[in-house]
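Here is a quick tour of one model, with the ligand site up front and the disulfides after that. Have a look at the structure, then read on.

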Amino acid sequence: MLRSIAPVLVALAAPAHAQTLAPRTDGVEARAGALTLRVTAQTDAILRVRIARDGKFPEDASWAVPASVRAKSVRVTPLADGFATPALRVHVDPATLRLSVDDAVGKRITADLPDPIKLDGTGFTLRKAMPVGEQYFGLGDKTGPFDRRGASYVDWNTDSYGFSPATDPIYKSIPFFVSVGGGGSYGIFLDNSWRSWFDFGHREDGTLAIGSTGGPIDYYVIAGPTAPEVVRRYTDLTGKAPLAPRWALGYQQSRYSYMSDAEVREIASKMRQSQVPLDLIWLDIDYQYHNWPFTVNTQAFPDLKKLAGDLKGDGIRLVAITDLHVAAAPGKNYAPYDSGKAGGHFLHNSDGSTYVGPVWPGPAVFPDFTRKASRDWWGTLFKAFVDDGIAGFWNDMNEPAIFETPTKTMPLDTVHRVDSDDFAPRDASHAEIHNVYGMENSRATFEGLKKLRPDDRPFVMTRASYAGGQRYAVTWTGDNNASWEHLRLSVQQLINLGLSGFSYSAADVGGFTGGPSPELLTRWYEIAAFTPVFRVHAAKDTPRTEPWADGPEHLAIRRRFIEARYRLLPYLYAVAEENARTGDPIMRPVWYDYPAARTAGCDQSMAFTLGRSLLVAASPKPESPRPYDVCLPAGGWYDYWSGLPVSGDKLSETPALDRLPVYVRAGTILPRQPLVQSTAQVPQGPLSLDVYPGKDCSGTLYWDNGLTVNGATLRQTIRCTQTASGLTIDFGAREGTYKPWWKAIAVTVHGWQGAATIKGVATSTNATARTLAFTLPDQPRAARIAVTR
Ligand code: MIG
């Protein structure tokens, strides 16, 4: 019921410390002294918490949460000390503004500590309880321990060449964590772009401290109770990563730099000769004239359009780096500078002059990406490359990185113009904008590409970003190192990025700096073949890391894993499409879908799932030849490589260089395709469906042209049920009008023993492999296939 909004005096204190608790239709507002706390229910399970100083709430605007999402709220039921939604009970102590959130049956989700809000000049610290046994994940690409309990982190986007597993901060600021513990999961997202921090009991045992040097006290409490619910809700707030073009899921070859047209062609033809599937080659800064963005060194690359066209004929696309630091080159007929200067698109010093900082081109100027007009201008700069057929773009150095300064970035008083979204137009300091600058750079690129090629899905990769950056770009973990330690770290970074909304992420395979041993490089290829974005990249003056770099035996193993990925594309693509709809990461910690795995007793820091159905169990010490334990969640699994059922839930794996243990959940119908050398090739032969019988047995087909937005799609669910007489496979009716490449479906049922008959269908069984195989015509309509023993 709608209640009066009039404040209710709940305590009789001295007037200077008036305490009030006023219900709102969508939450509650409490005042104590100079502070006002407003808690609103955005949905039944997402709370927004804002704190005003001296009665004035900061501007209601955000780079992460769109206005339309912030505008949503639900009506709540008032309580004496707060309010309730069907999922939550919110309590506020009006004397201290201490907030606690319980679930509908009164179980605590999260609570402030006494004295919960500390102000320090423009900064603040919030203090919350850290119950024993609660673990913390997320925070984007941060290094450090996988579980963040006991550690402390700063959010300040930093060019971190040669970072170590202890370096913090690094490239991205995603001020969001997911907690998991005995009581379930919740998340907190601090929507504040200033230099901020999260301390998980590092400074003070049992205290979760969240703070910032400035800006609004504005955060979201996201209830679960499961981790998937928290992550999905976080992406309801900050956006889902759009489905990438299918070629982004292919194998990607990069190096700093392929120096010429001839070298790029040589890499491409060597890939094809070596029969290593490949979709992308990346052009790093040396394709440009003097490192000036949006130029081409025409001596080394005389005809980029012809190069792109010829490679495309071979199923290979080009991605080009386009850094944000425009060369400060007046009078040189350099359009990015001239048009940017004329349009007032560059950042200013506090005295009004244009800010100039040294980066790759030498003196450079920096676009004002928080202005929509400047983003629009930036987007037009891609026209020539788009016309040349460059498929995707790489936004590096956008922390922003500045050379020759100990801060590695621009002065904090550099002036940005905010004129975007529902922000009031105003000037803002670099201290406020720094952490969102890279995201707005990638947004400008993404939106520019959408205008230039409205039908195509843009592909942008960014190094720096902020919460919500997944809407515009994929990301990678920057300048890692060729070490076993970094291979381990990369898995944890990619998992945490996925939990932080960045479902498409990569780590330079082989390590950027240094040079990997052949074994390290091969192992890295194997693991990366099961990660969302699979890109080999390395720094200048490092040993070569292309698949053939270490001789035929290593090449054979690397090729086999790249091939496995291409065969898995129908599965991987369906997982990516699920991610675009739900926010469920593509690569997940095992406990995401199997909560008991968190306490299973094996070291699972290198285990992850790709979608729900594939479990990749890399060794937690990948350099060690010693056997290690793999814990499999309850419910039954099959070995992906042999197809045989696995018995037991704890296995001992003996490492072998050519084997990466991968398991398939019992109850999976796994779609795969014939091998291709590029996603641009039409697979020849049937779609294969591998059926791994078990509980809740199903599989999803999702397919489309892989390139455009709003094209025709195909979606179909297939289920299987074990019956007394055998097995039934039920094809659901196909949704959508997309006509797929396959005309037939090759079914393999795993774990099969004995004979089998299907009316009107020839079957074959294999007693050693324990398989039953048969081929069906394509099944676009609902149909039941009954197998009897
Ligand atoms: O200052 O473009 O992280 O991937 O190869 C180095 C050259 C600039 C840093 C990127 C790296 C890229 C390199 N860039």
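How many nonpolar, polar and charged residues does the shell around the ligand have? Eight are nonpolar, one is polar and four are charged. Keep in mind as you read that this is a predicted model.

## Around the ligand

In this model 13 residues surround the ligand. Asp284, Asp396, Arg463, Asp479 and His537 are the closest of them. So much for who is there; now for what touches the ligand's oxygen atoms.

Asp479 puts a polar side-chain atom 2.5 Å from a ligand oxygen. For His537, an N or O atom of the side chain sits 2.8 Å from an oxygen atom of the ligand. Trp360 joins in too, with a polar side-chain atom 3.3 Å from a ligand oxygen. As for cover, the ligand has 350 Å² of accessible area on its own, and the protein covers 94% of that.

## Two disulfides

Now to the cysteines. The structure holds two disulfides. If you number the bonded cysteines of the protein in sequence order, they pair up as 1-2, 3-4. As a reminder, a disulfide is a covalent bond between the sulfur atoms of two cysteines.

## Cys602 and Cys631

One of the disulfides joins Cys602 to Cys631, with an S to S distance of 2.0 Å. This link is right-handed, with 75° about the S-S bond. Cys602 lies in the loop between helix 13 (590–593) and strand 33 (607–610), while Cys631 belongs to strand 35 (residues 628–631), so the pair ties together parts that are 29 residues apart in sequence.

Are these two cysteines buried or exposed? Both Cys602 and Cys631 are buried.

## Cys697 and Cys720

The other disulfide runs from Cys697 to Cys720, at 2.1 Å from S to S. Which way does the link turn, and what torsion goes with it? The torsion about the S-S bond of Cys697 and Cys720 is about 105°, so this disulfide is right-handed. The pair links distant parts of the chain, 23 residues apart: Cys697 is in strand 42 (residues 697–704) and Cys720 is in strand 43 (residues 713–723).

Why call these cysteines buried? The cut-off for buried is under 20% relative accessible area. Cys697 counts as buried because its relative accessible area is 4%. Cys720 has a relative accessible area of 7%, so Cys720 is buried as well.

Note on methods
Residues numbered from 1 in each chain as written. Predicted model: local features only at pLDDT ≥ 70, side-chain atom pairs only at ≥ 80, totals over all residues. Heavy atoms only, no water. Near = heavy atom within 4 Å. Polar contact = N/O pair within 3.5 Å; in protein donor to acceptor, adjacent residues only side chain to side chain. Areas by Shrake-Rupley, 256 points an atom, 1.4 Å probe, with all protein chains shown as cover. Nonpolar A, V, L, I, M, F, W, Y, C, P; charged D, E, K, R; others polar. Disulfide = S-S within 2.5 Å. Helix = DSSP H or I, 4+ residues; strand = E, 2+ residues; numbered from the N terminus. Buried < 20%, exposed > 50% of the residue type's maximum accessible area, 1.4 Å probe, protein only.
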